[in-house]
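Reader: I am new to this structure and would like to be walked through it. May I see it before we begin?
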Amino acid sequence: MNKKLFRYLGSKVDRNSMWFNITHAMIQIFSILKSTKANFDNLDAVFNSKKSETLVLVGGGKSLNEISIEQFQYLNNFDTLAVSYGILAPLNFDYFVNEHPEEGQEENQRKIFSELQKRKRNNQFLSTKVIWKSPGLYTDNLTILNEFKVFHVPSIIIKAHSTKAQKKFLSFAKQLGLLQKFLFQPAGTVSAIIIAAREFGYNRVITVGIDVENREYFFIENNNYSHLNLEDPFLSDRRKETLHNYHPTVQENGTPENYVKIIKEIAGKKLIVQPTSTNSALKMEFEVFKFPIILDPANKLEQF
């Protein structure tokens, strides 16, 4: 019923309308809150132990393979957060944002969770906080994470296309104090984390493996992860077949150029965003991060 109502509203009303986005958000919140399967957590219960003013945001893009072991060790000096397959990177992650697996990806998720569990058993000091984005949806894979603290945080999708309409709606949500309670995403998970980083006082976000200009994952041709036998998500999920090369989340917002403009707008003037790779589309609007020390370029992730 809710999906039919979403489609009806989307076909009848301007998606950039403030009232449409407020209504859409209220329907999402109502749908989440009526679930009896989870006790929902506020986002501020997650980001209550910052140790740095910089957040390292790690995704699963191919450019992650450009980072050396020493560079990963350097990034451990900051707060670290993984999305999607980025959790497999050799970092001691403070946060991991995950959600219900998409069609055909349950087995991949099980392997990822099992690997994370092994790391925790080998490192008693690993205390990754898992942020479950879809609290009303469950998978048996969740039981693998019983050694971790899992926070069920509602995620609100913003339907507005224009950055002006998105900014207006986010300002309204901020006035209500909701930006520190829920995840708001105008353009996928990365955009939600950028908003959260800004709201919780980070002054810089360093991105690793957030490429968005292509659909290549770092583990596909990386022998270090061959034992996991992970499938390419775009082969296991036929719904993601596309004529374009860039990530479907980006495609939903038109082009990489439009996507990056959204990220720049929600980051604002106070939050610095720095991609670590020139192969990331983020370089179109943001300065590439330079590591402060010269490290051996031959010592890549493949040899970790």
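Author: A definition comes before the sheet: two strands pair if DSSP finds at least two bridges between them. Strands (E, at least two residues) and helices (H or I, at least four) are DSSP runs, numbered from the N terminus. This is a predicted model, in which local features need pLDDT of at least 70 and side-chain atom pairs count only at pLDDT 80 or more, while totals for chains, interfaces and linings use all residues. Residues are numbered from 1 along each chain as its sequence is written, and side-chain values use heavy atoms, with hydrogens and water left out.

Reader: How many bridges join β2 to β3?
Author: Three bridges join them, and the two strands run parallel. Within β3, Tyr95 is the bridge partner of Leu81.

Reader: In what order do the strands of the open sheet come?
Author: The order of its seven strands is β5-β4-β3-β2-β1-β8-β9, with parallel pairing. The edges are β5 (149–152) and β9 (272–275); each has a single partner strand, so one side of each is left without a neighbour in the sheet. On average, neighbouring strands are turned by 20° against each other, direction ignored.

Reader: Which strands does α6 lie across?
Author: Helix α6 lies across β1, β2, β3, β8 (204–208) and β9, and runs at about 175° to β1. Such angles run from 0 to 180 degrees between N-to-C directions, with axes fitted as lines to C-alpha atoms, for helices over the stretch in contact.

Reader: Turning to the interior, how many residues has the largest nonpolar core?
Author: It has 53 residues, and those with the most contacts inside it are Phe47, Leu57, Leu81, Phe184 and Ile194. A nonpolar core is a set of buried Ala, Val, Leu, Ile, Met, Phe, Trp, Tyr and Cys residues joined through side-chain atoms within 4.5 Å. Buried means under 20% relative accessible area, exposed over 50%, and partly exposed in between (1.4 Å probe, protein chains only).

Reader: And which element gives the most to this core?
Author: That is α6, with seven residues.

Reader: What is Ile194 in contact with?
Author: Leaving aside neighbours within four places in sequence, Ile194 is in contact with Leu57, Val205, Ile263, Ile266, Ala267, Leu271 and Val273. Contact means heavy atoms within 4.5 Å. There is also a second, separate core of 36 residues, which includes Phe96, Leu145, Val150 and Phe291.

Reader: On to charges: how many salt bridges are there?
Author: A search of the whole structure finds 12. A salt bridge is a side-chain nitrogen of Lys or Arg within 4 Å of a carboxyl oxygen of Asp or Glu. One of them joins Arg121 and Glu147 (2.9 Å, N to O). This pair links distant parts of the chain, 26 residues apart: Arg121 is in helix α4, and Glu147 is in the loop between β4 (129–132) and β5.

Reader: Is Arg121 buried or exposed?
Author: Arg121 is exposed, because its relative accessible area is 57%. Glu147, at 32%, counts as partly exposed.

Reader: What about Glu115, buried or exposed?
Author: Glu115 is buried yet has no salt bridge; Arg119, the nearest side chain of opposite charge, is 4.2 Å away. For charge, Lys and Arg count as positive and Asp and Glu as negative, while His and the chain ends are not counted. Glu115 is found in helix α4 (residues 106–122). Apart from neighbours within four places in sequence, Glu115 is in contact with Leu88, His227 and Leu228.
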